[in-house]
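Q: Hi! I'm new to this one, could you walk me through it?
A: Happy to, let's take a look together.

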Amino acid sequence: MSDWFRNEDWSPEIEEQFFLKLGRTRTQKAQYLRIQASYLSERRPEVALSLLDRYFELRDISKDAATFVDQAQGYVDQAHAFAALGDWEQSAAAFEKALSRERDFPNYLTQAGFEFPVFAAIHRMTNRYAFALGIIEMYRPKATLPVERFCSYAASALIATELGAGQEAADFARQALSASVTQSPFPHHPGIGLVEGKHDGLKTQLQRLTLGGN
């Protein structure tokens with residue numbers, strides 16, 4: 001990969017080169033740390049979290065809006081890394097920090113508003129259902145990509161199931177599955193924002209809900 005801050009794996013040699021180049025950079029050091037962490041959040045979550053710790057140490061240097069937006073994404077990347085480690089509570093807490101940041105800058109959104117509710121629902125975080133439902137109500141009108149609609153309705157379906165609302169769950173499940181299209185609504189970017197294979201297990205669960213199963 002040509003960009004020195006977009007390594008998809010990590011080693012002592014890569015680390016040495018990364019920090020050497022980071023040290024030579026006069027601006028955007030924090031952003032380079034966050035971007036690199038995002039590439040490692042699932043494959044090398046411990047490294048990603050270490051990079052994000054450094055990122056958050058630098059975050060208060062700049063007070064411009066762009067920096068605050070990047071911080072929201074930093075929390076999302078942190079949530080992904082904690083999830084990769086199986087730490088559901090810290091992952092959910094990181095998502096909540098991202099959403100809190102977005103309340104301060106509502107014109108600059110990450111995927112937290114769509115990822116968090118379905119994350120909480122999948123892991124049956126019943127203590128977070130009320131908050132998740134509020135996030136769904138707030139963010140669903142903002143969904144423009146198929147995967148955003150899928151996650152939003154999938155979360156509603158799973159939570160409705162847990163709350164004993166079977167018919168509502170089936171209706172939400174159908175709406176989620178209808179978002180699993182093969183082409184984006186954007187003619188010039190037909191492959192953007194599609195429901196990826198990592199959601200296959202969830203789609204199977206939703207299909208059962210449409211038939212009245214759990």
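**A chat about the chain**

A: Let's begin inside one helix: in H5, the residues Ser91, Ala92, Ala94, Phe95, Ala98, Leu99, Arg101 and Glu102 are buried. Keep in mind that this is a predicted model.

Q: Where does H5 sit in the sequence, and what span does H5 reach?
A: H5 covers residues 88-104, which is 17 residues. From its first C-alpha to its last, H5 reaches 25 Å, close to the 24 Å expected at 1.5 Å a residue.

Q: Any general tip for reading a list of buried positions like that?
A: An α-helix has 3.6 residues a turn, so residues three or four places apart point the same way.

Q: OK, zooming out. How many helices and strands does the chain have?
A: There are ten helices and zero strands. Following the sequence, the pattern reads α-α-α-α-α-α-α-α-α-α. The radius of gyration is 19 Å, close to the 17 Å that the globule rule gives for 214 residues, so the chain is as compact as a globular protein of that length.

Q: And what box do the C-alpha atoms fill?
A: Taken along the principal axes, the box is roughly 60 × 35 × 30 Å.

Q: What share of the residues is buried?
A: Buried residues account for 43% of the 214 in the chain. As for the outside, the accessible surface comes to about 11,500 Å², and carbon and sulfur atoms contribute 50% of that.

Q: What about contacts between residues at least 6 apart in sequence: which share joins residues at least 24 apart?
A: That share is 58%.

Q: Switching to charges, how many positive and negative side chains are there?
A: The chain carries 23 positive and 27 negative side chains. The centres of the two sets lie 2 Å apart.

Q: Back to helices. How many residues of H6 are buried?
A: Nine of its eleven, so helix H6 (residues 112-122) is mostly covered. Among the buried ones are Phe114, Phe116 and Phe119, along with Pro117 and Val118.

Q: What comes just after H6?
A: Just after H6 you meet arginine 124, with a positive phi of about 50 degrees. Arginine 124 belongs to the loop between H6 and helix H7 (129-139).

Q: Why point out the sign of phi?
A: Most residues other than glycine have a negative phi. Arginine 124 is not a glycine, yet its phi is positive.

Q: Is arginine 124 buried or exposed?
A: Exposed: its relative accessibility is 56%, and the cut-off for exposed is over 50%.

Q: Which other residue has a positive phi although it is not a glycine?
A: Glutamine 28 is one, with a phi of about 60 degrees. Glutamine 28 sits in the loop between H1 and helix H2 (29-40). With a relative accessible area of 44%, glutamine 28 is partly exposed.

Q: You mentioned H1. What can you tell me about glutamate 13?
A: Glutamate 13 lies in helix H1, which spans residues 12-24. Glutamate 13 is exposed, at 54% relative accessible area. Between its C-alpha and that of glycine 164 there are 53 Å, and the two are 151 residues apart along the chain.

Q: Last one: where is aspartate 171?
A: Aspartate 171 is in helix H9, residues 166-178. Its relative accessibility is 35%, so aspartate 171 counts as partly exposed. Measuring from C-alpha to C-alpha, aspartate 171 and alanine 143 are 18 Å apart in space, with their positions 28 residues apart in sequence.

Conventions. Residues numbered from 1 in each chain as written. Predicted model: local features only at pLDDT ≥ 70, side-chain atom pairs only at ≥ 80, totals over all residues. Heavy atoms only, no water. Helix = DSSP H or I, 4+ residues; strand = E, 2+ residues; numbered from the N terminus. Rg over C-alpha atoms; globule rule 2.2 N^0.38 Å. Buried < 20%, exposed > 50% of the residue type's maximum accessible area, 1.4 Å probe, protein only. Contact = heavy atoms within 4.5 Å. Areas by Shrake-Rupley, 256 points an atom, 1.4 Å probe, with all protein chains shown as cover. Lys, Arg positive; Asp, Glu negative; His and termini not counted. Charge placed at Lys NZ, Arg CZ, Asp CG, Glu CD. Expected span 1.5 Å × (residues − 1).
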